[in-house]
Amino acid sequence: MIGHRASGSGPRDELPEEIRAALAKLDARAEAAAQRVDVGRIVDGVLNDVKTAREERRANDGAGKAARWIRAAATIAGGAATAVLVTKNEAPEIAGLPLNIDSLHASDSQAIMIAVEGLRSPDTTIASAMVTVDDLSEQELRALLQAMENEESL
Amino acid sequence: MGAALEAVTPDQDLISQWQRGDEAAARELVTRHARALARFLAMQGAPESELDDLTQEAFFKAFRSIGTFRGGSSFRTWLLTIGGNVLKDRQRQWKHRKVLALTPDVADPAADPAGQAEARLAESKLQESLGRLARLQREVFLLRANEGLDYGEISAALGISEGAARVHYHHAVKRLKGWMA
C-alpha cells in the first residue's frame, strides 16, 4: 500500500457504507495502476526535463546579452555615421572617426540599430567586453552611411 | 525487535540536497513518491495510459518551484496538489476526445457474478460522481478519505482554512451520497 494512510480506523471508516466500499474498490484499482507506472523512466524523464529547462534558460540569458551588445555596437556605430554625415560629401576616413553619441537623434539611432542588426548574421556573437568603431568593417560602416542617407531622404 | 531500523533520509533533507545540485536526492524523491502520486491521479480520473506522463510533469513542476515549498504540509501532500493542477490542465485538452480511465478489474471466477456486477456498478458510480464534484471538494475528499490526512495538513497544502476544508469535505460526502443513492 502506498500513500499516507495509516492502518486501523480512519476517515474512510466513517463514510457511509456504499461510498466506503466503492472507494476501497476504486482505490485498489488505482493502486494497481500506480504499481504499473515505470518509475525509472519517470525519474530519467524528470531529470532530463530539468536539464533541458536549465539549458534553455542559459541560452536565453546568453541571447539577451548578445542582443544588448549588438545594440551597444549599433549606438556607437550610429555616432560614427552621424559624424561622417556631418562632413557632407567628403570620403569617410574609417580609422579615427570622431564619435558624438550625444548628438544622435532617436530616429537616427533606430535606423542604425536596424541596419546593424541586418548586417550582422544571426549567429554573430560579440565576445569583447568593449565595443568600438573598430569592431565594424569598412563595408559595414559604408552600409550604415547608406542607411542613414536613405533615412534622411524619406 | 531484531532488525535494525533502516535510516531514511527525511524529504526535507533530500530537498535541500537537491537544491544544492545533488541529482541522487532528486532521484530518491521521485522514486519515493511517484507511485503515491500516480495513485492519487488515477483516483481523480486520470487514464492509466497517461499516468507516467502526468507523474513526470507534476514532478518537473514541483522541482521547478521547489523554492516555494514552505513545509506547511508534507512534500508528498504538496506534490499531490501540484499533480491535481497538472491533471486539471490536461483534462481541458482531453475534453474533446474519449479517454479510457483505469483498466477494468479481472473478474474473479470464484466470486458471485451478481455481487461483482453490483460492486463494479457502485465503483463506476463513485468514479463518475467524483468527477462531478468541484475540484476543491474532490481533492479535499480524497486527501481526507483516501489519504487519511487531517484537516490541518489539507488546509496547508491547498491554501484554505481548516474550517473551509471541513465544509468542503462534508459537502463532498453529502453530494456523493446523494448521487450514489
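The contact between the two chains of this predicted model takes 41 residues from chain B and 36 residues from chain A. On chain B, the elements that give two or more residues to the side touching chain A are α2, α3 (51-64), α5 (113-132), α6 (135-146) and α8 (162-180). Of these, α2(B) gives the most, with twelve residues.

The table sets out the class make-up of the side of chain B that touches chain A, and of the contact of α1(A) with α5(B).

| Contact | Nonpolar | Polar | Charged |
|---|---|---|---|
| Side of chain B that touches chain A | 20 residues | seven residues | 14 residues |
| α1(A) with α5(B) | eight residues | one residue | four residues |

The second row concerns one helix pair across the contact. Helix α1 of chain A spans residues 17-35, and its axis comes within 8 Å of the axis of α5(B), with a crossing angle of roughly 90°. Angles of 65 to 115 degrees count as roughly perpendicular, and α1(A) is therefore roughly perpendicular to α5(B). From α1(A), the residues that meet α5(B) are E18(A), I19(A), A21(A), A22(A), L23(A), K25(A) and L26(A). Their counterparts in α5(B) are A119(B), A122(B), E123(B), K125(B), L126(B) and Q127(B).

Chain B itself is built from eight helices and zero strands, so that its elements, read from the N terminus, run α-α-α-α-α-α-α-α. Of its 181 residues, 39% count as buried. Among contacts in chain B with a separation of 6 or more, 67% are between residues 24 or more positions apart.

The largest nonpolar core has 56 residues, and those with the most contacts inside it are L37(B), A38(B), L41(B) and A42(B). Helix α2 of chain B, residues 23-43, gives the most to this core, with eleven residues. The core also draws at least three residues from each of domain 1 (10-97) and domain 2 (123-181) of chain B. In soluble globular proteins, nonpolar side chains tend to be buried together. Helix α2 of chain B thus appears twice as the leading contributor: to the core, with eleven residues, and to the side of chain B that touches chain A, with twelve.

One residue of this helix has another setting. A24(B) lies in helix α2 of chain B. Is A24(B) buried or exposed? A24(B) is exposed, because 10 other C-beta atoms lie within 10 Å and a residue with 12 or fewer counts as exposed. A24(B) and L14(B) are ten residues apart in sequence, and their C-alpha atoms are 8.8 Å apart in space.

How values were computed
Residues are numbered from 1 along each chain as its sequence is written. Chains are lettered from A and ligands numbered from 1 in the order in which they are written. This is a predicted model: local features need pLDDT of at least 70, side-chain atom pairs count only at pLDDT 80 or more; totals for chains, interfaces and linings use all residues. A nonpolar core is a set of buried Ala, Val, Leu, Ile, Met, Phe, Trp, Tyr and Cys residues joined through C-beta atoms within 7 Å. A residue is buried if 20 or more other C-beta atoms lie within 10 Å of its own, exposed if 12 or fewer, and partly exposed in between; C-beta atoms are placed from the backbone. Helices (H or I, at least four residues) and strands (E, at least two) are DSSP runs, numbered from the N terminus. Domain bounds come from an automatic or database domain assignment. Two residues are in contact if their C-beta atoms, placed from the backbone, lie within 7 Å. Ala, Val, Leu, Ile, Met, Phe, Trp, Tyr, Cys and Pro count as nonpolar, Asp, Glu, Lys and Arg as charged, and the others, Gly among them, as polar. Axes are lines fitted to C-alpha atoms, for helices over the stretch in contact, and angles run from 0 to 180 degrees between N-to-C directions. Angles under 35 degrees count as roughly parallel, over 145 as roughly antiparallel, 65 to 115 as roughly perpendicular and the rest as oblique.
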